[in-house]
Amino acid sequence: MAYAYTPFPYNPPPGLTAPEPRHPVVIVGAGPIGLSMAVDLALRGVKSVVLDDNNVVSLGSRAICWAKRTLEIFDRLGIGERMLDKGVTWKVGRQFHGEREVYNFDLLPEPGHKYPAFVNLQQYYVEEYLVERAQDFPDLIDLRFLNKVTDHKGHADHVELTVETPDGPYLLETDWYIACDGAGSATRKRMNLPFEGQTFDEHFLIADVEMETSPFGDHDTPERWFWFAPPFHNGQSALLHKQPDNIYRIDLQLGPETDPKAEATEEKVLPRLKQMLGDAPFRLDWMSVYKFRCARLERFVHDRVVFVGDSAHVVSPFGARGGNGGVQDVDNLGWKLAAVVQGDAPTSLIESYDIERGHGADENMRNSARATNFMTPKSPIETLFRNEVLTLAARHPFARKLINSGRLSQPCTLAHSPLQTAGDAPLRPGNALIDAPLAGPAGDRWLLGEVQGQFTLLAVGGITAPDIPGLSRIGIDQSQGAYPCFQGKDGHAQQRYGSGFLYLLRPDGHVCAVFDQPDRAAISRAFARAFDGALDCAKGATA
Amino acid sequence: MILQDNLGTEGDTVYAALMAAHEGLSEAESHALNARLVLMLANEVGDPARLETLFKAARDLA
């Protein structure tokens with residue numbers, strides 16, 4: 001059935017009648033990124049005001065593919081299990097050339113993870129769950145719908161905002177202004193910041209259809225199907241995904257010489273869909289025609305204004321690196337902003353967000369640009385190479401790896417970040433954690449659920465985690481002692497983390513440092529570096 | 001003859017670099033570049049027997 005868009009209530013904000021005290025954090029935009037940001041901060045006891053010019057969730061499914069790492073972050077924020085229950089789980093992608101399957105890949109071949117490679121779930125559900133989750137923190141999250149920021153002025157230590165409501169304008173002051181206002185960010189435009197990159201000439205039609213009969217045919221299977229030169233869509237490419245509620249996502253490449261306004265009409269879209277779907281009845285739920293674009297801000301941090309998600313960087317969608325990249329921004333910024341607001345870290349820690357997520361954005365842009373170039377060759381010679389890769393792939397394995405219909409979102413490594421301390425272990429510093437099933441005194445647990453959210457010292461095998469202020473501790477495959485200990489199940493933890501190692505883990509689920517001795521001084525140094533390691537970079541940035 | 005993947009995680013990088021090598025060339029210039037490249041790679045492989053097998057494998061898909 002079609003999603004029922006229920007408006008959220010508007011309440012006249014206090015600033016309309018009397019000046020409000022300066023807020024620690026104002027978040028502009030109540031999409032998945034802004035709402036996640038508010039929940040992340042609330043879990044750390046930091047108050048925020050969330051302003052949105054609208055009062056309903058996202059119109060249309062928009063971001064639908066949520067990657068494993070993102071689901072693990074949403075698990076920490078409290079909506080991961082709900083997404084898993086409602087969403088469509090998948091891990092296999094199939095690629096066709098014409099009618100023939102040329103290659104398939106399995107994104108998560110090993111068991112032993114709480115979350116699958118991907119869950120497909122419409123963005124409106126994710127926003128609905130996040131709004132409900134935000135309402136669990138009435139003293140910490142102040143959600144203000146129909147509050148449109150019309151102007152802002154940055155100062156060295158705060159930002160002034162002008163906000164328009166149905167009852168007129170009011171002023172707000174905040175220590176930190178978090179711009180989560182999306183690809184068309186009004187914040188970015190007011191600041192005249194260049195948003196540079198690459199726009200691709202090709203137009204794409206994106207359509208959601210509701211139908212009882214599965215377009216996956218007899219296979220009816222939750223997978224990602226991609227066609228080069230599909231028989232039902234002349235010479236172009238096509239993508240098919242399954243979503244909950246019998247809704248299917250279809251992407252059709254339309255070519256460069258296309259009038260986007262004329263294409264985004266039922267008159268044009270329905271015949272295209274019928275070519276693909278045959279005589280099976282369907283209802284068109286949502287559609288959009290757009291061009292791919294990869295662009296980013298040069299810097300994500302401008303004094304007290306911080307850009308998060310699409311306002312900071314956009315990528316073309318094949319690869320699911322937009323929404324997923326944004327949620328990883330939140331994961332990276334949340335603990336840092338909380339530490340700075342609460343006086344536990346120097347302001348320079350926010351600079352490390354720019355460094356680390358700038359690196360992530362570059363990786364996402366590079367991958368999505370390459371996929372787009374492969375899918376939409378821009379010269380006869382590129383077309384020739386692309387087609388011959390597909391020809392070779394039918395027989396020779398090496399060519400299958402070159403087929404690029406989107407390299408699906410993976411967390412980037414932070415190995416080169418100034419917050420990390422180099423070292424050697426089965427999972428090296430900078431890598432995102434890998435989940436593992438554990439058995440504990442109170443029953444079965446997942447590793448990620450035990451360690452995410454705060455700095456943690458994880459001890460595996462015969463090594464004891466020393467007691468260091470500010471660090472929580474857990475052990476795997478060791479006897480119960482001064483901290484909670486678990487047994488790894490089915491050898492997964494041992495295979496992923498080895499034995500006889502201490503892992504210093506960041507709140508955002510990345511390995512910060514590793515040790516093979518319980519060296520208190522070395523661990524304390526690495527822990528301190530995770531807070532002040534960006535000091536030099538901040539100096540460099542202002543020089 | 002290696003027909004299993006031999007580029008690992010660098011496959012996309014190599015493919016992008018190959019496309020960049022063709023950037024801005026006319027179709028005829030690109031075909032000439034391809035011919036030079038095949039000859040250079042043949043020299044790089046340096047083994048007539050392996051090259052013969054590769055030529056045949058490519059030809060079989062024609």
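The exercises below, each with a worked solution, concern a predicted model and look at a helix pair, an interface between chains and salt bridges.

**Exercise 1.** Work out how helix α8 of chain A and helix α9 of chain A are oriented, and which residues make their contact.

*Solution.* Begin with the geometry: the axes of α8(A), residues 323–341, and α9(A), residues 349–375, come within 9 Å and cross at roughly 175°. Angles over 145 degrees count as roughly antiparallel, and therefore α8(A) is roughly antiparallel to α9(A). Next, look at the residues: α8(A) contributes several, including Gln328(A), Leu333(A) and Trp335(A), while α9(A) contributes others, among them Ile350(A), Tyr353(A) and Arg357(A). Finally, sort the residues of this contact by class, which gives 8 nonpolar, 5 polar and 4 charged.

**Exercise 2.** Describe the interface of chain B and chain A, starting from its area and ending with the elements on the side of chain B.

*Solution.* The two chains bury about 1,800 Å² between them, and 65% of this area is on carbon and sulfur atoms. To the contact, chain B gives 20 residues and chain A gives 21 residues. Within the area that chain B buries against chain A, Asp12(B), Tyr15(B) and Leu61(B) supply 36%, more than any other three residues. Turning to specific pairs, there are 5 residue pairs in polar contact between the chains, counted with both residues at pLDDT 80 or more. On the side of chain B that touches chain A, the elements that give two or more residues are α1 (11–22), α2 (27–45) and α3 (48–60) of chain B, and α1(B) gives the most, with 8 residues. By class, that side of chain B has 8 nonpolar, 7 polar and 5 charged residues.

**Exercise 3.** Find a salt bridge across the interface of chain B and chain A, and then explain what the salt bridge of Glu20(A) and Arg144(A) ties together.

*Solution.* Across the interface there are 2 salt bridges, and the side chains of Arg407(A) and Asp12(B) meet in a salt bridge at 2.6 Å, N to O. Over all chains, the structure holds 38 salt bridges. In chain A, the side chains of Glu20(A) and Arg144(A) meet at 2.9 Å, N to O. Because Glu20(A) lies in the segment before β1 (23–28) and Arg144(A) in strand β8 (residues 141–144), this pair ties together parts that are 124 residues apart in sequence.

How values were computed: Residues numbered from 1 in each chain as written. Chains lettered and ligands numbered in written order. Predicted model: local features only at pLDDT ≥ 70, side-chain atom pairs only at ≥ 80, totals over all residues. Heavy atoms only, no water. Axes fitted to C-alpha atoms, helices over the stretch in contact; angles between N-to-C directions. Helix = DSSP H or I, 4+ residues; strand = E, 2+ residues; numbered from the N terminus. Parallel < 35°, antiparallel > 145°, perpendicular 65-115°, else oblique. Contact = heavy atoms within 4.5 Å. Nonpolar A, V, L, I, M, F, W, Y, C, P; charged D, E, K, R; others polar. Buried area = accessible area lost by both parts, 1.4 Å probe. Salt bridge = Lys/Arg side-chain N within 4 Å of Asp/Glu carboxyl O. Polar contact = N/O pair within 3.5 Å; in protein donor to acceptor, adjacent residues only side chain to side chain.
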